[in-house]
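Hi,

Here is the structure I promised to pass on. Have a look at it first, and my notes follow underneath.

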Amino acid sequence: MIRSEICEMLGIQYPVFQGGMAWIADGELAAAVSEGGGLGIIAAGNAPGSSVREQIKNARSLTKKPIGVNIMLMSPYADDIAQIVIEENIEVVTTGAGNPAKYIKEWKAAGIKVIPVVASVALAKLMTRLGASALIAEGGESGGHVGELTTMVLVPQICDATTLPVIAAGGIADGRGVAAAFMLGACGVQMGTRFLSAIECNVHPIYKDRILKATDLCTMVTGKRLGHPVRSLRTQFAREYSKAEYGGMTDEDLEALGTGALRLAVQEGDMKKGCFLAGQIAGMVKKEQPAAQIVKEVMEEAEPILQGASKWVK
Ligand code: TUI
């Protein structure tokens, strides 16, 4: 059995987080992951506070285990949700797509474990100084909003820059990835794309199908010109967006082209206008299964790999 300090800190069985995927990670998915011994995380995304509160209540009705909420800091509702997690006694808050400095004191005073996603050493150092509980080092292999660095180079540099526990994210979907993350100095992993195939994941069946049929080169990054690069499946929408980005389109028109595309993918499975966020590891996601089985399977796969690592040392 693989246990680490993050299990003790959060009261979870396995050091596996489910990524806070905007529009996708609802109370049902989060509860299933937490029930399975990992940390389920509800994604606030761009949703208003009332709908996030509803998801929290749903998750609480399905599990007594700790759950997390991911706050997407570019959301216009981030301030509201920062309060809601306190009112709802949420155990763990993760943040993404920005700097959560202004919230940390209040969350900590409320007893919340604060785990920011960082994509650079500078933010890791700042978060350490401001009292974060742990860090998620997310490489650009991941789906959604991505930083510059890959998991392979980011994780060890973050580990060197902090005394906090580090969770590796980006490009992890099986036991080999988990073992590699531990070798780089992480004490846990976060997976998003692998959980898209969970039975409890409520994306449109077409979204799930596209993930299960994806191959190694199926994702691309768009949105660099507007300053928020996003990795998604290489669909008609992604290609057209990319063309527009490097053609003459104004920032406003480009912004408008992207608006609503994530909802169209998640709720309608719209292959023409939808933006199907997915990580580069999508090519390795091959079966639909319960979230709890995913958590157990990746950790059980990692065990013999970590145990056998000494075979290389002569
Ligand atoms: O946040 C994510 N992934 C996301 S957010 C999202 S919703 C969205 N949709 C369209 C455009 C933008 C967002 C979909 N996927 N992952 C965590 C993450 N955080 N990755 C990278 C970062 C990050 C990047 C820069 C964190 C901090 C940062 O700089 C902070 C600063 O101000 O120094």
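Sorted by class, the residues in the shell around the ligand are eight nonpolar, six polar and one charged. Bear in mind that this is a predicted model. The shell holds 15 residues, and the ones that come nearest to the ligand are Ala97, Val117, Glu138, Gly144 and His145.

Three of the contacts to look at involve nitrogen on the ligand side. For Ala97, the partner is a backbone N or O atom, 3.0 Å from a ligand nitrogen. His145 also uses its backbone: a polar atom there sits 2.9 Å from a nitrogen atom of the ligand. With Glu138 the side chain is involved, and one of its polar atoms lies 3.1 Å from a ligand nitrogen. As for cover, the ligand has 720 Å² of accessible area on its own, and the protein covers 73% of that.

The other thing I looked at is Tyr241, which belongs to helix α10, spanning residues 236-246. Is Tyr241 buried or exposed? Its relative accessible area is 7%, so Tyr241 counts as buried, the cut-off being under 20%. Setting aside neighbours within four places in sequence, Tyr241 is in contact with Thr222, Gly223 and Leu226, and also with Leu254, Leu257 and Gly258. If you want a distance to check in your viewer, try Tyr241 to Lys273: they are 32 residues apart in sequence, and their C-alpha atoms are 9.9 Å apart in space.

Cheers

Key. Residues numbered from 1 in each chain as written. Predicted model: local features only at pLDDT ≥ 70, side-chain atom pairs only at ≥ 80, totals over all residues. Heavy atoms only, no water. Near = heavy atom within 4 Å. Polar contact = N/O pair within 3.5 Å; in protein donor to acceptor, adjacent residues only side chain to side chain. Areas by Shrake-Rupley, 256 points an atom, 1.4 Å probe, with all protein chains shown as cover. Nonpolar A, V, L, I, M, F, W, Y, C, P; charged D, E, K, R; others polar. Helix = DSSP H or I, 4+ residues; strand = E, 2+ residues; numbered from the N terminus. Buried < 20%, exposed > 50% of the residue type's maximum accessible area, 1.4 Å probe, protein only. Contact = heavy atoms within 4.5 Å.
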